[in-house]
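This report describes the fold of a single chain. The sequence and the coordinates follow.

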Amino acid sequence: TWGDYSITRDRATFVDGRTDFFSGTVLSDYFAVADLTTDPDTVLSRYDVSYVVWDRGTPLYTYLYHDPRWVVVDRTTPAFVFARRSTWTGS
């Protein structure tokens, strides 16, 4: 959902609704991160992900919220926007 929103605003996405465009391990990596069956930071670093938009109350949300390498930079009713601390220059 959030990937589709991002592409309408010309933002690069890790995964979006156009799953037929993704090849190799991208989708399996996405699901492993979403389900926390792998270390999210390892995968997100490999793909150079700087921001994550994710639904609150999910396992990945909880992980990122408590991980000191990520900071909440925006929040809406359904989702939070996390930024990797090493790339975030905001206050």
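Where is Asp48 found? Asp48 lies in the loop between H3 and E1, and its setting is taken up again below, together with that of Leu36.

## Model and confidence

The model is predicted. The chain has a mean pLDDT of 79, with 70% of its residues at 70 or more. Confidence is lowest in helix H1 (residues 2-7), where the mean is 55, and highest in helix H4 (residues 59-66), where it reaches 94. Where pLDDT is low, the predicted coordinates should not be read in detail.

## The sheet

Three strands form an open sheet in the order E1-E3-E2, and their pairing is antiparallel. E1 and strand E2 (70-75) are the edge strands, each pairing on one side only. From one strand to the next, the twist averages 30°. In general, the strands of a sheet pair through backbone hydrogen bonds, either parallel or antiparallel.

E1 and E3 run antiparallel and are joined by five bridges. Within this pairing, Tyr51 has Ala83 of E3 as its bridge partner, and Trp54 has Phe80 of E3. On the E2 side, five bridges likewise join E2 to E3, again antiparallel. Trp70 stands opposite Arg84 in E3, and a hairpin of three residues connects E2 to E3.

The side chains of E1 alternate between the two faces. Val52 and Trp54 point to one face and are buried, whereas Tyr51, Val53 and Asp55 point to the other and are not.

## The nonpolar core

The largest nonpolar core holds 13 residues, among which Leu44, Val52, Trp54, Leu60, Leu64, Trp70 and Phe82 touch the most other members. At least two residues of this core come from each of helix H2 (26-34), helix H3 (40-46), strand E1 (51-55), H4 and strand E3 (79-84). H4 supplies the largest share, three residues.

Val52, in strand E1, illustrates how these elements meet. Is Val52 buried or exposed? Val52 is buried, because its relative accessible area is 8%, under the 20% limit for a buried residue. Leaving aside residues up to four places away in sequence, Val52 touches Leu44, Leu60, Leu64, Trp70, Phe80, Val81 and Phe82. Val52 and Ala83 are 31 residues apart in sequence, yet their C-alpha atoms are 6.5 Å apart in space.

## Helix H2 and its cover

Which residues of H2 are buried? They are Val26, Asp29, Ala32, Val33 and Ala34. The cover over the buried residues of H2 includes H3, E1 and H4. As a general point, an α-helix has 3.6 residues a turn, so residues three or four places apart point the same way.

## A buried aspartate in H3

Asp41 belongs to helix H3. Why does Asp41 count as buried? The relative accessibility of Asp41 is 4%, and buried means under 20%; Asp41 therefore counts as buried.

Apart from residues up to four places away in sequence, Asp41 touches Tyr63, Asp67, Arg69, Trp70 and Arg84. Two of these contacts, Trp70 and Arg84, also stand opposite each other in the pairing with E3.

## Positive phi in two loops

Most residues other than glycine have a negative phi, and most peptide bonds are trans. Against this background, Leu36 has a positive phi of about 55° although it is not a glycine. Leu36 comes just after H2, in the loop between H2 and H3. Leu36 counts as partly exposed because its relative accessibility is 34%, which falls between the 20% and 50% limits.

Asp48 is a further residue other than glycine with a positive phi, near 55°. As stated at the outset, the loop that holds Asp48 lies between H3 and E1. The relative accessible area of Asp48 is 63%, so Asp48 is exposed, the limit for an exposed residue being over 50%.

Technical notes
Residues are numbered from 1 along each chain as its sequence is written. This is a predicted model: local features need pLDDT of at least 70, side-chain atom pairs count only at pLDDT 80 or more; totals for chains, interfaces and linings use all residues. Side-chain values use heavy atoms; hydrogens and water are left out. pLDDT is the predictor's confidence in each residue, from 0 to 100. Helices (H or I, at least four residues) and strands (E, at least two) are DSSP runs, numbered from the N terminus. A nonpolar core is a set of buried Ala, Val, Leu, Ile, Met, Phe, Trp, Tyr and Cys residues joined through side-chain atoms within 4.5 Å. Buried means under 20% relative accessible area, exposed over 50%, partly exposed in between (1.4 Å probe, protein chains only). Contact means heavy atoms within 4.5 Å. Two strands pair if DSSP finds at least two bridges between them. Axes are lines fitted to C-alpha atoms, for helices over the stretch in contact, and angles run from 0 to 180 degrees between N-to-C directions.
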